[in-house]
Amino acid sequence: MSEHILVAIAWPYASAKIHVGNVTGSHLPGDIFARYHRMVGDHVLMVSGSDSHGTPITVRAEEEGKTPREVFNRFHHEFLDLFQNLGISYDLFTHTDTENHHRVSQDFFRALLEADYLYKETQQQMYSEVQGRFLPDRYVEGICPVCGYESARGDQCDNCNTLLDPAELIEPRSKLDGSEPTLRETEHYFLDLPQLAREGLAQWLALNKEHWRPSVINFARNYVGEGLQGRPITRDLQWGVQVPLEGWEDKCLYVWFEAVIGYFSASVEWAHNRGETEGWKDWWYDPGAKTLYFIGKDNIPFHAVIWPAELMGVKRLYEEDSSQVLNLPYDVPANEFMNLEGRGMSGSRNWAVWADEAVERFDPDAIRYYLTVAMPETRDTYWMWDNFVHRNNKELVGTWGNLAHRALTFAYKHFDGRVPTPGDLDELDKALLEKVEDGFDRVGEQLAGCHFRAGLAEVMELAREANRYLEEKGPWFQIKEDREAAGTTIYVVLRTIDALKILFAPFLPFSSERLHRYLGYDDPIFGRQYTETFEEEGGRVHEALCYDGSEATGTWEPSALPSGQALREPEPLFEALDEDVIEEERARLGMET
């Protein structure tokens, strides 16, 4: 029975380029998961967008002498190109500076206010005497009071992930000019997290969550168990979603509060764009629907604690049926960090593999493959250029690509470009086909559980098994004495390849589609990615990445490749990389060779 699956992926700040650590942290695992569930026949909605209101954007805008909208639009369009080139198949990748998102975020605020989960409080906030204005948290840096990291942000320490208040920093300084800010009083609204914890959040986290990663659920439970405090959800800012109250026109909703609402607002926008204005409710109100949030570990408190608290406080929105409540996260499969050549990735120090540059120089499936085998699911991992080249050449080219190309070229040459008609299958033939068929359940179980590294490893092992079969059978020898035996061998291998093509497809969509065509199929495995410009009622225009799966034919089931099917002349699926690539790429990083 098909399910409704919401794949919600962390919203990247539209103030810097995306590196491969960001891709393997959230975008790629979410895409693999979504592609698998589409092939299973589930109703998948995969959403995200550019976070347009974060203070990193206003900081960059001030540095460049541009408006925040100019800055985020530039990066937003770069993201749209990148995700198309990498095959990240968003049903909707939008951004937070839409009329829809502003309206939905303000409605969340009103609902929480009416339910008495918001309260006003005067607080001390950093103020720049030099610039004559309050400083957003990210405009303030200093020494972390917990771990001593010298460049902790005013909202969070990147070194120990502790959530902070700027006033807690030791030796605070303005990120803009280095001056020492002072504390001034200002009034803001706070989200009453202690009350929400008492009224259900703590109990929900205590429920059976064996399918959650231990690092995620343990952090969330400890975070609540140590005692939550109210968090401010408004800030003295002009760029963002305005607080929808009279007299608060000079304040905006805090970005940490409204950005997570983007998962909900993007779902509403997606339904509206399709002319199905109530369609989003299948994912947000159906108690059988599953919502999964693919994020990096630094976002665990916001997605495993604070966002569920917001949903509990709102209860329902745009729904009159009082029995309906918004769905809480089914899972938050947060990944650890991917580092680079023994050091942590850092955009500011240009120590990163930028995803847009990588996809220009290398096959996108080669990138996707390596980012999956090195995915930091349970611990931090490293992108190592020698390992990237080795994995590409030995596994993608030598194992999988070589298997497919040898079998296809042999069939194309010796069997008139068609799938051979087999004779009787022997035990070896049957054993291989049975192993591959069994692989659909095993690999599917891994993907459904968000164990992507293990799932890909199982598929590659089946490809190795098929290579061993091909070597043992030796159709290039059989063809000289027993054409029928050679035809049977190639038929079994082509059926195996046809099945492996599907098993590899969530990980390697581009090469799987090419192989699909070489095997003689006309209709695509997956749907079509495209960008579209949308104009809202108020006249604001924005571009978004969309996915149309209406012509997709890929299903998660073993091959039914018919004998006699016409093949297309094959080409190699992957390209071997020269060892010189290792030193060339390390040189780009400034490493000594």
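Here is a short chat about some salt bridges in this predicted model.

User: What makes Arg35 and Asp31 a salt bridge?

Analyst: Their closest N and O atoms are 2.8 Å apart. The cut-off is within 4 Å, so the pair counts.

User: Where do Arg35 and Asp31 sit relative to each other?

Analyst: They're 4 residues apart in helix H1 (residues 20-40), which is about one helical turn.

User: Why is Arg35 called buried?

Analyst: Its relative accessible area is 4%, and buried means under 20%, so the label fits. Asp31 is buried too, at 0%.

User: How do you know that Arg464 and Glu461 meet in a salt bridge?

Analyst: The N to O distance is 3.3 Å, and the limit is 4 Å, so they qualify. Both are in helix H15 (residues 452-473), 3 residues apart. They also belong to a network of salt bridges that includes Lys435, Glu465 and Arg468.

User: Why are Arg464 and Glu461 called partly exposed?

Analyst: Arg464 has a relative accessible area of 28% and Glu461 has 35%. Partly exposed lies between under 20% and over 50%, so both get that name.

User: What about Glu583 and Arg586: buried or partly exposed?

Analyst: Glu583 is at 36%, so it counts as partly exposed. Arg586 is at 16%, under 20%, and therefore counts as buried. Their side chains meet in a salt bridge at 3.8 Å, N to O, and that is within 4 Å, so the name holds.

User: How many salt bridges does the structure hold?

Analyst: It holds 41.

How values were computed. Residues are numbered from 1 along each chain as its sequence is written. This is a predicted model: local features need pLDDT of at least 70, side-chain atom pairs count only at pLDDT 80 or more; totals for chains, interfaces and linings use all residues. Side-chain values use heavy atoms; hydrogens and water are left out. Helices (H or I, at least four residues) and strands (E, at least two) are DSSP runs, numbered from the N terminus. Buried means under 20% relative accessible area, exposed over 50%, partly exposed in between (1.4 Å probe, protein chains only).
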